[in-house]
Amino acid sequence: LASALFGAIFLLAGVLTSSAEVVFAWRVLVTLGCYALVLLHPAPRRELALLGRRLRARWWMPLLALLLTAIMGLQLWLFMWAPMHGHGLDAALGYLLLPICLVLGGHFLLRAEVSRVQWLVVALAALAVAVKLAATPQLSWVTAAICIPYVIYFVLRQRFGLDGPMTFGLECAVLAVPSILFLAFAEP
């Protein structure tokens with residue numbers, strides 16, 4: 001279901017007439033609304049309180065959270081911008097490279113064990129990337145902007161204990177500020 005929604009949103013981004021910033025803004029605000037509904041249950045509220053304690057544990061943790069939010073904001077915006085501006089295939093290649101980069105980043109930076117199935121997925125993704133590069137031997141900045149920052153994002157979240165779902169909700173809350181500004185100043 002997640003993959004189908006991912007593809008539908010990506011396809012929809014290619015046919016919308018709104019700006020990438022407006023689509024980004026609505027996506028963030030709708031996601032934030034969903035998180036607000038989840039907070040009606042006590043378990044997510046406890047997880048949010050735990051996240052708050054983690055962020056207050058060290059003076060630099062809020063700065064790290066802002067860095068993570070900036071990376072996620074770039075990713076959410078780029079996901080909409082790329083297909084709207086003729087870079088859909090570059091973005092798709094970035095998402096194809098992503099499992100390779102994530103497994104390698106987890107293995108080498110976090111010392112995570114990699115299963116045979118994960119190595120198989122990496123090999124299949126590498127094969128697909130090799131076929132693409134054989135056909136058109138170039139990598140776009142869009143491709144790099146997807147696969148490299150996402151590795152940094154997920155490695156930092158894992159390394160500093162910010163890998164729970166409430167972290168993304170907090171990021172959406174912070175991204176709500178630019179989202180509201182995008183909507184306020186969007187051309188009709």
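1. Disulfides. The count of disulfides comes to 0 in this structure, which is a predicted model. Two cysteines illustrate the result. The closest cysteine sulfur to that of C34 belongs to C172, and the separation of 9.5 Å is too far for a bond. The relation holds from the other side as well, since the closest cysteine sulfur to C172 is in C34, again at 9.5 Å. For a disulfide, the two sulfur atoms would have to lie within 2.5 Å. The surroundings of these cysteines may also be recorded: C34 is partly exposed, with a relative accessible area of 44%, whereas C172 is buried, at 1%.

2. Aromatic pairs, and the contact of W60 with F160. The count of aromatic pairs comes to 9. One of them joins W60 and F160, whose ring centres are 5.2 Å apart and whose planes stand at 75°, an edge-to-face arrangement. This pair links distant parts of the chain, its members being 100 residues apart. W60 belongs to the loop between α3 (42-57) and α4 (61-84), while F160 belongs to the loop between α7 (141-159) and α8 (165-184). Both residues are partly exposed: the relative accessible area is 26% for W60 and 24% for F160.

3. The pair of Y153 and F154. The rings of Y153 and F154 have centres 4.9 Å apart and planes at 80°, so this pair too is classed as edge-to-face. The two residues differ in exposure, because Y153 is buried, with a relative accessible area of 0%, and F154 is partly exposed, with 36%. The planes need to be over 60 degrees apart for the edge-to-face class, and the angle of 80° for Y153 and F154 meets that condition.

4. Further ring contacts. A single aromatic cluster is formed by W77, W81 and W141. The ring of F160 has an additional neighbour: R159 lies over its face, at 4.9 Å from the ring centre. F160 therefore takes part in an edge-to-face pair with W60 and also has R159 over its ring, while remaining partly exposed at 24%.

5. Nonpolar surface patch. W59, L63, L66, L170 and V174 make up a nonpolar patch on the surface, and together they have about 520 Å² of accessible area. Helices α4 and α8 are the elements that give two or more residues to the patch. One of the patch members, L66, lies in helix α4 and is partly exposed, with a relative accessible area of 48%.

6. L68 and its spatial relation to F154. Helix α4 also holds L68. In contrast to the partly exposed L66, L68 counts as buried, at 1% relative accessibility. L68 and F154 are 86 residues apart in sequence, and their C-alpha atoms are 8.8 Å apart in space. F154 is the partly exposed member, with a relative accessible area of 36%, of the edge-to-face pair with Y153.

7. Backbone at R111. R111 is not a glycine, yet its phi is positive, at about 60°. Most residues other than glycine have a negative phi. R111 is located in the loop between α5 (88-109) and α6 (116-135), and R111 is exposed, with a relative accessible area of 67%. A reader examining the backbone may wish to view R111 in the context of that loop.

8. G161 in the loop between α7 and α8. G161 is placed in the loop between α7 and α8, where F160 is also found. G161 is partly exposed, with a relative accessible area of 21%. The C-alpha atoms of G161 and M72 are separated by 17 Å, and these residues are 89 residues apart along the chain.

Technical notes: Residues are numbered from 1 along each chain as its sequence is written. This is a predicted model: local features need pLDDT of at least 70, side-chain atom pairs count only at pLDDT 80 or more; totals for chains, interfaces and linings use all residues. Side-chain values use heavy atoms; hydrogens and water are left out. Rings of Phe, Tyr and Trp (its six-membered ring) pair if their centres lie within 6.5 Å; planes under 30 degrees apart count as stacked, over 60 as edge-to-face and the rest as tilted. Helices (H or I, at least four residues) and strands (E, at least two) are DSSP runs, numbered from the N terminus. Buried means under 20% relative accessible area, exposed over 50%, partly exposed in between (1.4 Å probe, protein chains only). A charge sits over a ring if NZ of Lys or CZ of Arg is within 6 Å of the ring centre and within 35 degrees of the ring normal. Patches are made of residues with over 30% relative accessible area and no salt bridge: like charges are joined within 9 Å, nonpolar side chains (Val, Leu, Ile, Met, Phe, Trp, Tyr) within 5 Å. Accessible areas come from the Shrake-Rupley method with a 1.4 Å probe; for residues, only the protein chains shown count as cover. A salt bridge is a side-chain nitrogen of Lys or Arg within 4 Å of a carboxyl oxygen of Asp or Glu.
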